[in-house]
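Please open the model in your viewer and keep the sequence panel visible beside it. This tour proposes one selection after another and states what is found at each stop.

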Amino acid sequence: MSREAGPFDPGPDGKDTHLVLENAHGQLSLWPVWCAVPPGWSARFGPAPHDACAREVDAARE
């Protein structure tokens, strides 16, 4: 059985595959670059590799 990559999978290492989005309430979302940014959200960080974006979200929580 094979598994296809989904839109929220990390993607290839070292590739700029994700963004960190922010909405008007200051909420953050890890978002794949190949998906359109939803209304009400804007890019705060990236495009960057998945791990870098995840660290950005984690740092904002501290």
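Select Cys53 first: Cys53 is buried, as its relative accessible area is 0%. Here buried means under 20% relative accessible area, exposed means over 50%, and partly exposed lies in between (1.4 Å probe, protein chains only). Now select Cys35, which is partly exposed with a relative accessible area of 24%. A disulfide would require a pair of cysteine sulfur atoms within 2.5 Å; by this rule the count is 0 disulfides.

A word on the model is needed before the next stop. This is a predicted model, in which local features need pLDDT of at least 70 and side-chain atom pairs count only at pLDDT 80 or more, while totals for chains, interfaces and linings use all residues. Residues are numbered from 1 along each chain as its sequence is written, and side-chain values use heavy atoms, with hydrogens and water left out.

**The core around Cys53**

Which residues make up the largest nonpolar core? Select Val20, Ala48, Ala52, Cys53 and Val57, the 5 residues of this core. Helix 1 supplies the largest share of this core, namely 3 residues. A nonpolar core is a set of buried Ala, Val, Leu, Ile, Met, Phe, Trp, Tyr and Cys residues joined through side-chain atoms within 4.5 Å. In soluble globular proteins, nonpolar side chains tend to be buried together.

**The whole chain**

Next, colour the protein chain by secondary structure: 1 helix and 3 strands appear. Along the sequence they follow the pattern β-β-β-α. Helices (H or I, at least four residues) and strands (E, at least two) are DSSP runs, numbered from the N terminus. Of the 62 residues in the protein chain, 23% are buried.

**The sheet**

Select the 3 strands together; they form an open sheet in the order 2-1-3, with antiparallel pairing. Strand 2 (28-32) and strand 3 (41-48) are the edge strands, each pairing on one side only. Two strands pair if DSSP finds at least two bridges between them. On average, neighbouring strands of this sheet are turned by 30° against each other, direction ignored. Such angles are taken between axes, which are lines fitted to C-alpha atoms (for helices over the stretch in contact), and run from 0 to 180 degrees between N-to-C directions.

Now select strand 1 (residues 18-23), which runs antiparallel to strand 3 and is joined to strand 3 by 5 bridges. At one point of this pairing, His18 stands opposite Ala48 in strand 3. Strand 1 also pairs with strand 2 in the antiparallel sense, over 5 bridges. Glu22 has Leu28 as its bridge partner in strand 2, and the bridge partner of Leu21 in strand 2 is Ser29. How many of the residues of strand 1 are buried? The number is 5 of its 6 residues, and strand 1 is thus mostly covered.

**Two backbone details**

Select Gly26, in the loop between strand 1 and strand 2. In this hairpin, which has 4 residues between the strands, Gly26 takes a positive phi near 80°. At 40% relative accessibility, Gly26 is partly exposed. Gly26 and Ala60 are 34 residues apart in sequence, and their C-alpha atoms are 9.9 Å apart in space.

Then move to Pro47, which is found in strand 3. The peptide bond from Gly46 to Pro47 is cis, with omega near 10°. As background to both stops, most residues other than glycine have a negative phi, and most peptide bonds are trans.

**The helix**

Finally, select helix 1 (residues 50-61), which lies across strand 1, strand 2 and strand 3 and runs at about 130° to strand 3. Within helix 1, choose His50. Is His50 buried or exposed? His50 counts as buried because its relative accessibility is 18%. Measure the C-alpha distance from His50 to Lys15 in the viewer: these residues are 35 apart in sequence and 8.1 Å apart in space.

Terms used:
Contact = heavy atoms within 4.5 Å.
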